[in-house]
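Biologist: Could you walk me through this model and show me how each label is earned?
Modeller: Gladly, let's have it in front of us and take the labels one at a time.

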Amino acid sequence: MEQYTVAITDATFEEEVLQSDLPVLVDFWAPWCPSCQALNPVLEDYARDNGHRVKVAKLNVDEGQEWARRLGVTSIPTMVLFHRGEKVDQILGFESKPETYRILDSALQQVQSA
């Protein structure tokens, strides 16, 4: 399994995401989704490179649908950035590794400067 990302469930969402001291990027994914599978190593690398400033969490929507429904996630992969328990950004789909890093860095920069 992943070394730097955190697997979460509907039951652990509040503790791992909403109560986190760090901003949290939640990846809503499923094992049958090819784009999700392509994004997995990119997010693992991002978590390794940026774990000091963001927690990267993964929620399998096949195993837990409550938070996906609450947040209006209708397609995967979808990444939602939380800061201080609030949703602050949502990123849809899969991009190249450099583009994903650019998008995530930009979103984190906005959160950290707020």
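**How the labels are earned**

Modeller: Let me start with Thr100, which is in contact with Leu39, Val42 and Glu95, leaving aside its neighbours within four places in sequence. Please keep in mind that this is a predicted model. Thr100 itself is found in helix 4.

Biologist: Why does Thr100 count as buried?

Modeller: Its relative accessibility is 4%. Buried means under 20%, so Thr100 counts as buried.

Biologist: And what does helix 4 pack on?

Modeller: First, the sheet: five strands form an open sheet in the order 1-3-2-4-5, with mixed pairing. Strands 1 (6–8) and 5 (86–92) each have a single partner strand, so they stand at the edges with one side left without a neighbour in the sheet. Strand 4 (residues 78–83) and strand 5 run antiparallel and are joined by six bridges. One bridge partner pair there is Phe82 with Lys87 of strand 5. Helix 4 (residues 97–113) packs on this sheet, touching strand 2, strand 4 and strand 5, and its direction makes about 20 degrees with that of strand 4.

Biologist: What makes the pair of Phe13 and Trp67 stacked?

Modeller: Two values. The ring centres are 4.1 Å apart, and rings pair if their centres lie within 6.5 Å. The planes stand at 10 degrees, and under 30 degrees counts as stacked. So the Phe13 and Trp67 pair is stacked.

Biologist: Which parts does that pair tie together?

Modeller: Phe13 lies in helix 1 (residues 13–18) and Trp67 in helix 3 (residues 66–70), so the pair ties together parts that are 54 residues apart in sequence. Both Phe13 and Trp67 are buried. Together with Phe82, they form one aromatic cluster.

Biologist: How do you know that Tyr46 and Tyr101 are edge-to-face?

Modeller: Their centres are 4.8 Å apart, with 85 degrees between the planes. The centre distance is within 6.5 Å, and planes over 60 degrees apart count as edge-to-face. That gives an edge-to-face aromatic pair for Tyr46 and Tyr101. Tyr46 lies in helix 2 and Tyr101 in helix 4, so here the pair ties together parts that are 55 residues apart in sequence. Tyr46 and Tyr101 are both buried.

Biologist: One last label: where does the charged end of Arg70 sit?

Modeller: Over the ring of Trp67, 4.3 Å from its centre. The distance cut-off for a charge over a ring is 6 Å, and Arg70 is within it at 4.3 Å.

Technical notes. Residues are numbered from 1 along each chain as its sequence is written. This is a predicted model: local features need pLDDT of at least 70, side-chain atom pairs count only at pLDDT 80 or more; totals for chains, interfaces and linings use all residues. Side-chain values use heavy atoms; hydrogens and water are left out. Two strands pair if DSSP finds at least two bridges between them. Helices (H or I, at least four residues) and strands (E, at least two) are DSSP runs, numbered from the N terminus. Contact means heavy atoms within 4.5 Å. Axes are lines fitted to C-alpha atoms, for helices over the stretch in contact, and angles run from 0 to 180 degrees between N-to-C directions. Buried means under 20% relative accessible area, exposed over 50%, partly exposed in between (1.4 Å probe, protein chains only). Rings of Phe, Tyr and Trp (its six-membered ring) pair if their centres lie within 6.5 Å; planes under 30 degrees apart count as stacked, over 60 as edge-to-face and the rest as tilted. A charge sits over a ring if NZ of Lys or CZ of Arg is within 6 Å of the ring centre and within 35 degrees of the ring normal.
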